[in-house]
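Here are my notes on the model you sent over. Have the viewer open while you go through them.

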Amino acid sequence: MSGLVRTIIADDHAFIRQGLKQLLSTVDELTVSGEAADGEAVHRLLNESSADLLILDLGMPGVNGFQFIANLRTEWPELRVLVVTANVEPRSVRAAFSAGANGYLTKSGDPSELIAAIDAIRKGNAYVAEEVRFAVDQHDGPNVSPEPTAAIISPVTLTRRERQILGMIPHGATSRDIASRLGISPLTARKHRENLMRKLDLHSGAELTAYAIRLGLPAG
């Protein structure tokens, strides 16, 4: 990102939005173009005017976890997303980056990290809060996805999420395993799996596994 960075602050607590605005007021060439208290407001603001950066609390109403980030990045590919959350679970950190986040800050961290994160994102880099940096250090950095994302060559066009799920099938991953690795609910994981089987005209888990192996995905 270069030039003036138009920023949306999305958090359902007004005092947190105010605090973030005060911190951001010290950042050169950055303006707060809007505030949102729920997922619907985020979409409305993005539709009404372009933004370069979204500072997002994943705990807001109308935000369906990490899928919300993935959906935003699909609809607005140039948008950069900085997560600011109370969630310090390692798998949540990795799932956020897998979904397309550019940075991950914890609400219990040092406020100075907000400035550092924005600086990193402006330069095209990812930023992880010191408090949870170990979660990605042991996985070779935030740009490494926690689930298979290899280019799967299928005769049927698959979405990114379907390719991710297909990559886990030969390893015996259950819907609960898939949900845990992708940061989605088991019900959503099961629906993705069912949609994948329907699209590929497969009728059992065994057929799905065999299909994945035929594509060259390793079993084990």
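The points below go through the sheet, a helix lying on it, and two helix pairs.

1. First, a reminder that we're looking at a predicted model. Keep that in mind for everything that follows.

2. Start with the sheet. It's an open one built from 6 strands, and reading across you get β2-β1-β3-β4-β5-β6, with parallel pairing. At the edges sit β2 (30-36) and β6 (127-128), each of which has a pairing partner on one side only.

3. Now zoom in on β1 and β3. Strand β1 covers residues 5-10 and strand β3 covers residues 53-56; they run parallel and are joined by 4 bridges. If you want a landmark there, I9 stands opposite I55 in β3. Helix α1 (residues 14-24) packs on this sheet and touches β1, β2 and β3. The direction of α1 makes about 170° with that of β2, and angles over 145 count as roughly antiparallel.

4. One residue in that helix deserves a look: is R17 buried or exposed? R17 is found in α1, and its relative accessibility comes out at 14%. The cut-off for buried is under 20%, so R17 counts as buried. Leaving aside residues up to four places away in sequence, R17 touches I9, D11, D12, E35, A36 and A37. I9 is thus a name you've already met, as the residue opposite I55.

5. Next, the pair α2 (residues 39-48) and α3 (residues 66-75). Their axes are 12 Å apart and the packing angle is about 10°. Angles under 35 degrees count as roughly parallel, so that is the label for α2 and α3. On the α2 side the contact uses G39, V42, H43, L46 and N47, and these meet F68, L72 and E75 in α3. By class, the contact has 4 nonpolar, 3 polar and 1 charged residues.

6. The last pair is α7 (residues 160-168) with α8 (residues 175-182). What angle do these two helices make? It's about 125°, with the axes 11 Å apart, which makes α7 oblique to α8. The crossing is right-handed. From α7 the contact takes R161, Q164, I165 and M168, while α8 supplies I178, R181 and L182. Sorted by class, that gives 4 nonpolar, 1 polar and 2 charged residues.

7. For a quick recap of the two helix pairs: α2 and α3 are roughly parallel, whereas α7 is oblique to α8.

Definitions and conventions:
Residues numbered from 1 in each chain as written. Predicted model: local features only at pLDDT ≥ 70, side-chain atom pairs only at ≥ 80, totals over all residues. Heavy atoms only, no water. Axes fitted to C-alpha atoms, helices over the stretch in contact; angles between N-to-C directions. Parallel < 35°, antiparallel > 145°, perpendicular 65-115°, else oblique. Contact = heavy atoms within 4.5 Å. Nonpolar A, V, L, I, M, F, W, Y, C, P; charged D, E, K, R; others polar. Pairing = 2+ DSSP bridges. Buried < 20%, exposed > 50% of the residue type's maximum accessible area, 1.4 Å probe, protein only. Left-handed = near helix turned anticlockwise from the far one by under 90°.
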